[in-house]
Amino acid sequence: MSRLKKAPAYLLITALLSSSLPIHAETFNSLPEIGTTAASTLTIEKELEYGDAYMRMLRASRPIISDPLLADYVQDLGHRLVANANDVRTPFNFFLIQNREINAFAFFGGYVALHSGLFLYAKSESEFASVVAHEIAHITQRHLARSMEDQAKKSPATMAAMIGSLMLAIASPEAGMAALHATTAASVQGQINYTRSNEKEADRIGIATLAKSGFEVQAMPRFFGRLADQYRYASKPPAMLLTHPLPEDRISDTRNRASQYPARRVEPSDRYLLARSRIVARFAGLESDAALDWFDRKLKKARGQQKVALNYGKALILIDTGKYAQAHALLDPLLAAEPNNRFFIDSATDLDIGEKKYESAIARLQSALKQSPEQKVLRLNLAHTYQEAGKVDDSLSMLLRYTYDNPKDTNGWYMLAQAQGEKGNRAAELAARAELLALRGLWDKAIKNYIQASQLVEINSLDQARYDARIDQLRLSREKFAAL
């Protein structure tokens, strides 16, 4: 597929992510009637298609964190909020991008991207959740589709210039904003006013969702205020402030809205604290010594579950650097106190594999799976342990079922390709790698892999028929993708 064919979909989708440009003071009116708003421009079905296409592009271009434990946490947190949101019309999918800059964005099809830097900057789970709730509101209120409808009223030339510059604003906020200001002044002001309205609405609805979900609503203005104060005079503010500006009137509005709810203190969940420690230990880009120093400094003042989470993070670094005896000293008491904690089971598995104690890891994981047979983290851990132990057949059996149940999980396809390769099943390995390529929108390469796989198996066999059918499906997907 040529770049020329792909460009319109990419430009359109990325431009509409600019619904996160913000804020305009206005009265707290009732929510707008949006039952048919944007319907003339974009259907829900088309939104889902755009969302799937953009997600494939992101997998190919951004460092998405595929860690199953972290994915599990952000999905659970996100769906807790979605369960208390109004006007939900699409499935939701939450994922992490490895980037220390503070940022988040939402796009078509219910996809919400969160930078790992949010874990480092948010001082509570409620602050973290406030960002997620805000992005959920952009989707439920169909801000992208409504922005598209608004832009469609402008002249094609101006709209084309704006779409191009807003595309840049996502990939490179500073360059994008400079390009945006080079377009017609009146049209730019109209776009900013429109998206200010969107941003204000997302704040308001996000706070209501936070309250209904049991989080601390004051966390949103507190997070916004701290972010604005820290970068008020910065020559290079984080991407979030370039796509989500925080003028004082927006902070005041969220503060006023939050004050209408009873003040409450909500302690962060154990899983949030453990997820945060895991981010610092493995995804913050810190050298092991610097990360250990960070944990040691925090541990001096930590109590209760915060201390547990910090010791867990420290144990991760010790495991990753081969200091197994020191890791045992920290991890063993944690696992003894909470034998069903998936964070601790996962780390104990890493430790056992490092020490080549495969049977110990297998027994622990099999026991845990009896209680939670469909738990993805445990299933992947056991499949990985089987692979490391040389029990490739057992690993293959698990991974074939796992990829069937979770066809969009890159972890499963990656591990299946490895297992098939170790088993010497070259055709099946190529097929698994093709599925990884398709999830990244690399249709031509995926099709090539399947063609090679089809040529390797017996003529007229069931495998060949299956591979040929998949080639036809991928070709149709490629055509649909190009036509968006």
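Tyr54, Phe95, Phe105, Phe107 and Tyr111 come together as one aromatic cluster in this predicted model. Two members of that cluster, Phe95 and Tyr111, can be placed on secondary structure elements: residues 93-97 make up strand β1, and residues 111-115 make up strand β3. These two strands run parallel and are joined by five bridges. One of the pairings is that of isoleucine 97, whose bridge partner in β3 is histidine 115. Strand β1 is largely enclosed by the rest of the structure, because four of its five residues are buried.

Aromatic contacts also appear elsewhere, and a search of the whole structure finds 18 aromatic pairs. Among them is the pair of tyrosine 121 and phenylalanine 223, which is edge-to-face, with 5.7 Å from centre to centre and 85° between the planes. The two residues of this pair belong to distant parts of the chain: tyrosine 121 is in helix α4 (residues 117-121), phenylalanine 223 is in helix α10 (residues 219-231), and 102 residues separate them. Tyrosine 121 has a relative accessibility of 12%, and it counts as buried because the limit for that class is under 20%. Phenylalanine 223 is buried as well, with a relative accessible area of 0%.

A further pair is formed by tyrosine 312 and phenylalanine 344, whose ring centres are 5.8 Å apart. The planes of these rings stand at 55°, so the pair is classed as tilted. Tyrosine 312 is part of helix α15 (residues 304-320) and phenylalanine 344 is part of helix α17 (residues 342-354), so the contact ties together parts that are 32 residues apart in sequence. Tyrosine 312 is buried at a relative accessible area of 1%, and phenylalanine 344 is likewise buried, with a value of 1%.

The description now turns to the annotated positions. The unreviewed UniProt entry places the feature "active site" at Glu135 and Asp203. These positions are spread over 69 residues of sequence, yet they cluster in space, with a largest C-alpha distance of 8.9 Å. Where does each of them lie in the secondary structure? Glutamate 135 is located in helix α5, which covers residues 125-140, whereas aspartate 203 is located in helix α9, which covers residues 185-212. Are glutamate 135 and aspartate 203 buried or exposed? Glutamate 135 has a relative accessible area of 1% and is therefore buried; aspartate 203, with a relative accessible area of 2%, is buried too. The side chain of glutamate 135 also reaches the backbone nitrogen of alanine 106, at a distance of 3.3 Å.

These local features belong to a protein chain that contains 24 helices and three strands. Of its 484 residues, 55% count as buried. Contacts between residues at least 6 apart in sequence can be divided by separation, and 68% of them join residues at least 24 apart. The accessible surface of the chain comes to about 21300 Å², and carbon and sulfur atoms account for 52% of that area.

Conventions
Residues numbered from 1 in each chain as written. Predicted model: local features only at pLDDT ≥ 70, side-chain atom pairs only at ≥ 80, totals over all residues. Heavy atoms only, no water. UniProt positions renumbered as here; feature names shortened; annotations may be inferred. Buried < 20%, exposed > 50% of the residue type's maximum accessible area, 1.4 Å probe, protein only. Polar contact = N/O pair within 3.5 Å; in protein donor to acceptor, adjacent residues only side chain to side chain. Contact = heavy atoms within 4.5 Å. Areas by Shrake-Rupley, 256 points an atom, 1.4 Å probe, with all protein chains shown as cover. Pairing = 2+ DSSP bridges. Phe/Tyr/Trp six-rings, centres within 6.5 Å; stacked < 30°, edge-to-face > 60°.
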